[in-house]
Amino acid sequence: MLMSSYRRTVNYVLVILLFCLASSPAYSRLNIEIFGGGTNRIPIAIVPFADENRLQQRVTEVIAADLYRSGLFRLVDPGSLTPYAPAEVVYGDWTERGADALVIGRTIIMPNGLVEVQFRLMDVAKQAQIAGLATVVPMTQLRAAAHQIADIIYEALTGEVGVFSTRIAYVLKQGNKYALQIADADGFNEHSIIEYTEPIISPAWSPDGSQIAYVSFENKKPVVYVQTLATRQRKAVASFSGSNSAPAWSPDGKKLAVVLSLHGGSQLYLINADGSGLQRLTRSTSIDTEPNFSPDGRHIIFTSDRGGSPQIYRIPVTASESTTAERLTFEGSYNVSPDFNHDGRSFTFIHRHNGRFNVAVQDIATRQMQILTNTQFDESPSFAPNGRMILYATEIGGRGILSAVSRDGQTRQKLSVQTGDIREPAWGPLLRKR
Amino acid sequence: MKKIAGILIIGLLSACAGQTTQPEVDDQSIGGYDSSSDSGADSSAYGSGGTGFYPLNDPNSILSRRSVYFDYDSYSVKGEYREMVIAHAQFLRDNPNAQVILQGNTDDRGSREYNLALGQRRADSVKNIMTLSGARNAQIEAVSFGEEKPRAYGSDESAWSQNRRADIVYRGE
């Protein structure tokens, strides 16, 4: 059946050893555990690709881990069967093992050191290929190639876009050191983009994934920075008198919504991504914070206590200061940290109930709310770009960890580090144009 | 076996770690202000550097008191702190070159950004009393640390009450 967890663990150890031996700058301190999983998982057999044992990274291992982690697939053990090409597939064998889908392929180390990876996804019932790819990558990009293949398989079998090639950002606190880190969605290739001995909060990916906005306290007060990942250059885009925080990108990447105390209180403003063109968006005597753009760029949802308790409201981006905000949440006395699903039809947020802070989802049209977690202190939920999972911060045994829950609440993942707290996660965008 | 292998993984991962990162920085710090101490109340640097504001550190002076504590979910300055806040306002009025930063703080329950806004409200409350009592607007910057810089760690009321606070910090201290 499944690759045993023992074997998987040993494989991870091998992978990590290889990373160390190759003294690659890529390393990972994130440990991932998976819980639950839907009842109708797709049974899929993944045959180790021809000659992949000679590679620094076995490609099918990464593909299998990706698919398994999604909670939508059940891995079928291929046993001693090793077809590498369609002509070598005996479909009866796979029907017998209960596999609906079969993944086969080859790897070829080319004379110039590059690796050609060929893969085919076969429909066992129809006895036909339903997807495939041949790609040539450097040895160091084998994980990326595997994520790309997993995305193709995921999309072919579920009809949804795969997010295995995306990245996440989060803040790691160790002692008095804060690091804003970026990792692949599976926790590998983790690295710091900035480290300080003062807090960092609220990272937000630009829509094209090339920049991250965040709030740093390095100047003894909250200031909003935008940092370009490729060059590491950064700029303080909101550093006005008072506090500057809660950056959110407009979908076209041209503007940020920010929260400033410039004119007293905490109010929403729009500013160009280069820090020019400040424009006030709300004018209230209440707290207005945690703005988040709708995917069509026309609305902003945000947290406000204008009704007496913190609730989620919506305003048009073109709001004049007299525009009345529409209240969206009504259940309970504490609903905060809204983040739109990428289809614009729902949003996730934190809902307090009986002293617990949990991840919830609310449908925009029906206003129906669903609580997805039962932990104690959840924070900062953010949707995966395909809307399937929600990444959030929570606490276990007094330590901050990241967790992800499927939008139906069925599957959960836990990402932790051995020492330190991880918090403030943000799931990065899809980088391929669909 | 799984658990042991898990610990092994973490050990290996740590072995791989070690690289740290500093970005190129093109921002400036604000006005030479150095808060080597977040708790202004027991700072003793002020006055020793010839800045001439000795009463700020005189333990017998009300000006040596720098922290305003708040009730849960509240940002109103309680009566017991008003005399102290007003004394600082009068000091600012009498020393036009003196400047303060008011740093609002909260306990760690709930959203970080919402707590940042709650801390701002506490700093703003203190600022309002100061400006009504003779300090000039330009002498005061109200900022928030939210829940990010707790004075007391812990998940009980004694820790939380320490962190529901606004500190008065003079620039140059």
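A nonpolar core, in the sense used here, is a set of buried Ala, Val, Leu, Ile, Met, Phe, Trp, Tyr and Cys residues joined through side-chain atoms within 4.5 Å. The structure discussed below is a predicted model, and its largest nonpolar core has 30 residues, with A:Ile44, A:Val59, A:Ile63, A:Leu67 and A:Ile153 having the most contacts inside it. Each of β2, α2, β3, β4, β5, β6 and α4 of chain A supplies at least two residues of this core, and the largest share, 7 residues, comes from α4(A). Apart from this core lies another one, of 26 residues, among them B:Ala89, B:Ile140, B:Ala142 and B:Ile168. In soluble globular proteins, nonpolar side chains tend to be buried together.

The surroundings of one core residue can be followed in detail. Leaving aside neighbours within four places in sequence, A:Ile44 is in contact with A:Leu67, A:Phe73, A:Arg74, A:Leu75, A:Val76, A:Ala101, A:Val103, A:Leu121, A:Ile153 and A:Leu157.

The strands that contribute to the core of chain A belong to an open sheet of 5 strands, whose order is β3-β2-β4-β5-β6 and whose pairing is mixed. At its edges stand β3 (73-76) and β6 (128-137) of chain A, each of which pairs on one side only, and neighbouring strands of this sheet are turned by 25° against each other on average, when direction is ignored. Strand β5 (residues 115-123) of chain A runs antiparallel to β6(A) and is joined to it by 9 bridges; within this part of the sheet, A:Val117 stands opposite A:Thr135 in β6(A). Two helices lie across these strands. Helix α2 (residues 59-69) of chain A lies across β2 (42-46), β3, β4 (101-109) and β5 of chain A and runs at about 170° to β2(A), while helix α4 (residues 142-158) of chain A lies across β2, β3, β4, β5 and β6 of chain A and runs at about 160° to β6(A).

Further along chain A comes strand β7 (residues 167-174), in which 6 of the 8 residues are buried, so that this strand is largely enclosed by the rest of the structure. It pairs in the antiparallel sense with strand β8 (residues 177-184) of chain A over 8 bridges, and A:Gln174 stands opposite A:Lys177 in β8(A). The two strands form a hairpin with 2 residues between them, and A:Gly175 in the turn has a positive phi of about 60°. β7(A) is also joined by 5 bridges to strand β30 (residues 421-427) of chain A, again in the antiparallel sense, with A:Ile168 standing opposite A:Trp427 in β30(A).

Another open sheet of chain A consists of 4 strands in the order β10-β11-β12-β13, with antiparallel pairing. Because β10 (200-205) and β13 (234-238) of chain A stand at the edges with a single partner strand each, one side of each is left without a neighbour in the sheet. Its neighbouring strands are turned by 25° against each other on average, direction ignored. Inside this sheet, β11 (residues 211-216) and β12 (residues 223-228) of chain A run antiparallel and are joined by 6 bridges, and A:Ile212 stands opposite A:Gln227 in β12(A).

A single residue of a later strand can also be placed. A:Ser346 lies in strand β23 (residues 346-353) of chain A; is A:Ser346 buried or exposed? Since residues under 20% relative accessible area count as buried, its value of 10% makes A:Ser346 a buried residue. Beyond its neighbours within four places in sequence, A:Ser346 is in contact with A:Phe340, A:Asn341, A:Val361, A:Gln362, A:Asp363, A:Ile364 and A:Phe383.

Chain B has 4 helices and 4 strands, which follow the pattern α-β-α-β-α-β-α-β along the sequence. Of its 173 residues, 54% count as buried, and among contacts in chain B between residues at least 6 apart in sequence, 71% join residues at least 24 apart. In helix α2 (residues 79-94) of chain B, the 16 residues should span 22 Å at 1.5 Å a residue, and the end C-alpha atoms are 23 Å apart, which agrees. Buried residues of α2(B) include B:Tyr81, B:Met84, B:His88 and B:Phe91, and the buried residues of this helix pack against β1 (67-69), β2 (100-105), α3 (112-132), β3 (140-146) and β4 (165-170) of chain B. The confidence in this chain should be kept in view: its mean pLDDT is 77, and 69% of its residues reach 70 or more. Over residues 1-50 of chain B the pLDDT is below 50, although this stretch has 96 contacts in the model beyond near neighbours in sequence.

Terms used:
Residues numbered from 1 in each chain as written. Chains lettered and ligands numbered in written order. Predicted model: local features only at pLDDT ≥ 70, side-chain atom pairs only at ≥ 80, totals over all residues. Heavy atoms only, no water. Pairing = 2+ DSSP bridges. Axes fitted to C-alpha atoms, helices over the stretch in contact; angles between N-to-C directions. Buried < 20%, exposed > 50% of the residue type's maximum accessible area, 1.4 Å probe, protein only. Expected span 1.5 Å × (residues − 1). Contact = heavy atoms within 4.5 Å. pLDDT = per-residue confidence, 0-100.
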